[in-house]
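Colleague: I would like to go through this structure with you, one question at a time. Could you show it to me before we begin?

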Amino acid sequence: MDLDVFVNAHRSEWDRLDHLLHRGRRLTGAEADELVDLYQHTATHLSLIQSSAPDPLLIARLTQLVARARSTVTGTRRASWRDAAHFLTAGFPAAVYRSRHWWIPTAVLSTLLAALIGWWIGTHPEVQSAIAAPEDLRRMTSPGGEYETYYSSHPAASFAAQVWTNNAQAAAMCLVLGAFLCVPVIWILFLNVLNLGVGIGLMSSAGRLDTFLGLVLPHGLLELTAVFVAAGTGLRLGWTVIDPGPRTRRTALAQQGRAAIGMAIGLALILFVSGVIEGFVTPSGLPTWARIAIGIAAELAFLAYVYILGGRAAGTGDAGDIADSERSAELPVAA
């Protein structure tokens, strides 16, 4: 294709489109129809130039022109409170529900691994001595020791905010880093499981496992569930890189990535609740059974939220992604 001839033949159309775009809403019906036609023609011209005679300056100009025209033709959509309500009542729980085949096995295997690590440490004194000196272990596990005072070492509000920030960052890292073939997610998950297993092992060796569980369970049930959901979703994202299925890898990653970003926001809210429990309930003077009951109630409420609202939304096709009307058109691919 002779680029100069092509430009001379269609320059007037581009200039006319630019003129109509500057007019904004002051268009007659005929001019609005003309703008739509010119937008379609210019988009075709841009595609031809990109494939046959790529010229960076011309491509940049036409890309900007087509983007402005598309915004004018299709209109811009602003987020509303209705969108936020839909996200909380359908989009987020649906995304968690649809990824349950990833995060439930993650939760089961992680819990079993933490229990195994705890048993190994608790029944092997030589492993305990490798972790810390005997006097340090006593300082951590004795009544009033570090494991107990950790939850009351700071004012409740600041402690809850700190815990929430740290957990939300860990969940976001699991979601974002999943695209790197799952490896970072597995490492982050292992560190969390290892910390839990060490606590179980050391406190059980001191005969105080009931105290440890009484401190961990009130907030830990919901907190660990959120971490497992984030890790499972990150692993799912990483597997999409390996096996995108019948979609193109770019399309599959875009869909899973958008859902993962939404889940990061939703999980931050869930972790806020667990942070409040950890800051105000765990170190409180409530009986152990009452604190654990609050943790179980929060966990059951989250699971009901996911399986009832999420299951219902997933059944209607909601996947936590943006609406079909807002996605770019996709070309079919071979199965």
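Colleague: This is a predicted model, and I would like to begin with helix H5. Which residues of H5 are buried?

Modeller: A residue counts as buried when its relative accessible area is under 20%. In H5, which covers residues 100-122, that description applies to Arg100, Trp103, Thr106, Ala107, Ser110, Ala114, Ile117, Gly118 and Ile121.

Colleague: Against which helices do the buried residues of H5 pack?

Modeller: Packing is judged here by contact, that is, by heavy atoms within 4.5 Å. By that criterion the partners of the buried residues of H5 are helix H4 (81-98), helix H6 (125-131), helix H10 (183-205), H11 and H13.

Colleague: Let us take one residue of H5 by itself. With which residues is Ser110 in contact, leaving aside its neighbours within four places in sequence?

Modeller: Ser110 is found in helix H5, and its relative accessible area is 6%, so Ser110 is buried. Once the neighbours within four places in sequence are left aside, the residues in contact with Ser110 are Leu189, Val193 and Phe228.

Colleague: How far does H5 reach from its first C-alpha to its last?

Modeller: H5 has 23 residues, and at 1.5 Å a residue the expected reach is 33 Å. The value computed from the model is close to that expectation, at 32 Å.

Colleague: I would now like to turn to helix H3. On which side of H3 do the buried residues lie, the same side or opposite sides?

Modeller: The buried residues in H3 are Leu58, Ile59, Leu62, Leu65, Val66 and Ala69. They cover an arc of only 135° around the axis, and therefore they lie on the same side of H3.

Colleague: Which residues of H3 are exposed on the other side, and what do the buried ones pack against?

Modeller: On the other side of H3, the exposed residues are Pro56, Leu57 and Gln64. The buried residues of H3, for their part, pack against helix H1 (3-23) and helix H2 (29-52).

Colleague: What is the distance between the end C-alpha atoms of H3?

Modeller: H3 runs over residues 56-74 and has 19 residues, so at 1.5 Å a residue the helix should span 27 Å. The distance between its end C-alpha atoms agrees with this, at 26 Å.

Colleague: How are H11 and H13 oriented with respect to each other?

Modeller: Two packed helices are described by the angle between their axes and the distance between the axes. For H11 and helix H13 (residues 288-315), the axes are 7 Å apart and the angle is about 10°. Angles under 35 degrees count as roughly parallel, and therefore H11 and H13 are roughly parallel.

Colleague: How do the residues of the contact of H11 with H13 divide by class?

Modeller: On the side of H11, the contact is made by Gly214, Leu215, Leu217, Pro218, Leu221, Leu222 and Thr225. On the side of H13, the residues are Thr288, Arg291, Ile292, Gly295, Ile296, Ala298, Glu299 and Phe302. By class, they divide into nine nonpolar, four polar and two charged.

Colleague: How are H4 and H12 oriented with respect to each other?

Modeller: The axes of H4 and H12 come within 10 Å and cross at roughly 105°. Angles of 65 to 115 degrees count as roughly perpendicular, and therefore H4 and H12 are roughly perpendicular.

Colleague: How many nonpolar, polar and charged residues does the contact of H4 with H12 have?

Modeller: H4 contributes Phe87, Leu88, Phe92, Ala95 and Val96 to the contact, while H12 contributes Gly262, Met263, Ile265, Gly266, Leu267, Leu269 and Ile270. By class, the contact has ten nonpolar, two polar and no charged residues.

Colleague: Let us finish with two residues in loops. Which residues does Ser142 touch, not counting residues up to four places away in sequence?

Modeller: Ser142 lies in the loop between helix H7 (134-141) and helix H8 (146-149), and at 29% relative accessibility Ser142 counts as partly exposed. The C-alpha atoms of Ser142 and Arg208 are separated by 8.3 Å, although the two residues are 66 residues apart along the chain. Not counting residues up to four places away in sequence, Ser142 touches Glu148 and Arg208.

Colleague: Does Pro246 count as buried or exposed?

Modeller: Pro246 has its place in the loop between helix H11 (209-242) and helix H12 (249-281). A residue counts as exposed when its relative accessible area is over 50%. At 57% relative accessibility, Pro246 therefore counts as exposed.

Terms used. Residues numbered from 1 in each chain as written. Predicted model: local features only at pLDDT ≥ 70, side-chain atom pairs only at ≥ 80, totals over all residues. Heavy atoms only, no water. Helix = DSSP H or I, 4+ residues; strand = E, 2+ residues; numbered from the N terminus. Buried < 20%, exposed > 50% of the residue type's maximum accessible area, 1.4 Å probe, protein only. Axes fitted to C-alpha atoms, helices over the stretch in contact; angles between N-to-C directions. Parallel < 35°, antiparallel > 145°, perpendicular 65-115°, else oblique. Nonpolar A, V, L, I, M, F, W, Y, C, P; charged D, E, K, R; others polar. Expected span 1.5 Å × (residues − 1). Arc of directions from axis to C-beta.
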